[in-house]
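Student: I would like a close look at a single part of this model. Please take one strand and its surroundings, and go through the cysteines as well.

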Amino acid sequence: MRQDAPAPPRLSRRSQGLTPVEQVLRYHRETKHQFLQYARSLGFLDWANQPDPFRRYAGAPLYPLPVLPPEADRSPLYDDLYVPGRITPRPVTLDSLSRFLEYALSITAWKQAGEVRWALRSNPSSGNLHPTEGYVLVRPMAGLASDAGVYHYAPKEHGLEQRALIPRNLADQLWEELPPESFLFGLTSIYWREAWKYGERAFRYCHHDVGHALGSARMAAAAVGWRLVVLDGLSDAQVSALLGVCRREDVDGAEPEHADCLALVWPEGSSPGGLETFPLRLASWSETDWAGLQWYGKANRLSPEDPLIWDIVDEVAEATRSPGRHATATPTITSSAGDIEGLPARPVTAHHIFHQRRSAVAFDGKTSIPVAQFFFMLSRVMPRWAGGKGPTSPPWDCWPRPPRIHLALFVHLVDGLTPGLYCLVRDDTKLPALKESMNPAFTWEKPPGCPFSLPLYVLAEGDARRLAAQLSCHQDIAGASAFSLGMLAEFDAPLREHGPALYPRFFWECGMIGQVLYLEAEAAGLRATGIGCFFDDPVHEVLGVRDARFQSLYHFTIGEAVEDTRLTTLPPYDHLRRS
């Protein structure tokens, strides 16, 4: 550790005898930003120790993926991604796998200012720090090894690093009852990448990023006609073993990765089968037989000096480890919303939207959007349902849990809508609880012209631009936009009922909502920005929330961006010079 860097506070759950749920509640409470005190961080940016945004495994064979030119792409229209069965599924080949990873996790451009250059990616990240790593487990495929294998995705090289080969007997067990062209897609987090800048709040931001990556991957799968569903019944230990990130000998002083989730991906139309029993089948062998594989590569060290240890982050990570469940449940919900009618067809392709997505750094504060566009954007964050069969369109059809996140909206510049505070209730059954938990003076009226199927309500009218900026750590982007919002989680009761592993999943759901809004903003010719810095309890005070029944977890803003003309934009993979 640098001599001039003060050591962060060391907080121990075990010494205080807290239960895992109590540890989660304490972490959430102690990492809130207040008007007079921010959550603990180093207080300055130690540029000499900034972590590398690209993990590599030295010694692991690298299989380059084809960098496909746009003109070779058969990209569907962006709006077709939301129509089940509209897109013809592609076979799972090296080309289609490359396209999936390109849309989900790849570099989409480089930005340069003077001599400084940095990468932008298809999956957003707080501070562009990118703590999320991607993996695939695939069967033998032309262009890869002759056996099934575990591969780490290297976005800078747009290639797959072979971490392990899977013997045929284990591969047969792994894919038993699953579609013949299916593969597994995994995500992990490196907490240090966020803690370097954000200190103790890093755990929150890492899991926002997991949600963004899940949303990005689900929409990427839709673009090639594939389904993707999170296997939430697996334990963290199983996911860690399958991805190989539990192997301390492969880290050897490098910053560790924490397993987040594993998803099954397969071409639309083929029956997935076996999903209900998959976690149970793996329970007896994943950690033992898997550890006996031959593993390749050693993780690179990301920072030249030892990371600062934020104990409270490590402790909440331990407290929220999922023990797994015997089955992947299908949530039961009464909410239902479809796309809002009345907008003209949008001829933009999914390829264009994925590559064009950017985070705005400033808005012009004067451009308004049509109310029909506003309603349409909100309809896209609502799960759409077909009877009792669960969500029917991406990204919500990948998520095996009921929605627990609702939106408190600060409407500034929406033509046909009075400025003020609004609420979008993403599960109709929670409307009474939200009313009971918030300011009793709120009106809870449907705004004029709002479609019946969209559960949007006016809480209070008035100019909220200054208030929105103040609540989002005095950031102008929250008040100079067309609208901004805070994401409210059903918090205390679900945590106590379902366990602390639900806590990171709150942030995943927030990130998925944010990813949908990012893409919708681009499709509307606008820009968006996720806001992780906000004053937690002052937000609750504005809403009248007096306890932990609901908690604000993420802010977001959409409007007309002001571009920084001092920056140069460069293509993503010219440095590879391969076809």
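Tutor: Start with the side chains of strand β17 in this predicted model. F483, L485, M487 and A489 point one way. S484, G486, L488 and E490 point the other way. All of them are buried, on either side. In a regular strand the side chains alternate between the two faces of the sheet.

The strand runs over residues 483-490. It is mostly covered, with 8 of its 8 residues buried. The cut-off for buried is under 20% relative accessible area.

Now the strands that pair with it. Strand β13, residues 405-411, pairs with β17 in the antiparallel sense. That pairing has 7 bridges. For a landmark, find I405, which stands opposite A489 in β17. Strand β19, residues 550-559, also pairs with β17. This pairing is antiparallel too, over 8 bridges. Here the landmark is S484, which stands opposite T557 in β19. Both landmark residues of β17, A489 and S484, are buried, and they belong to the two opposite-pointing sets.

Next, the cysteines. The count comes to 1 disulfide. It joins C473 to C533, with an S to S distance of 2.2 Å. The link is left-handed, with -90° about the S-S bond. C473 lies in the loop between α14 (465-471) and β17, and C533 lies in the loop between β18 (527-531) and α17 (536-543), so the disulfide ties together parts that are 60 residues apart in sequence. One end of the link is therefore in a loop that leads to β17.

The two ends fall into separate exposure classes. C473 has 10% relative accessibility, so it counts as buried. C533 has 22%, so it counts as partly exposed. The 20% cut-off lies between those values.

Two other cysteines deserve a check. C423 is in no disulfide. Its nearest cysteine sulfur is that of C450, 12 Å away. A disulfide needs the sulfur atoms within 2.5 Å, so C423 does not qualify. C423 has 0% relative accessibility and therefore counts as buried. C510 is in no disulfide either. For C510 the nearest cysteine sulfur is that of C423, at 13 Å. C510 is buried as well, with a relative accessible area of 0%.

To retrace the route, begin at β17, with its 8 buried residues. Go out to β13 on one pairing and to β19 on the other. Then follow the loop between α14 and β17 to C473, and cross the disulfide to C533.

Notes
Residues are numbered from 1 along each chain as its sequence is written. This is a predicted model: local features need pLDDT of at least 70, side-chain atom pairs count only at pLDDT 80 or more; totals for chains, interfaces and linings use all residues. Side-chain values use heavy atoms; hydrogens and water are left out. Buried means under 20% relative accessible area, exposed over 50%, partly exposed in between (1.4 Å probe, protein chains only). Helices (H or I, at least four residues) and strands (E, at least two) are DSSP runs, numbered from the N terminus. Two strands pair if DSSP finds at least two bridges between them.
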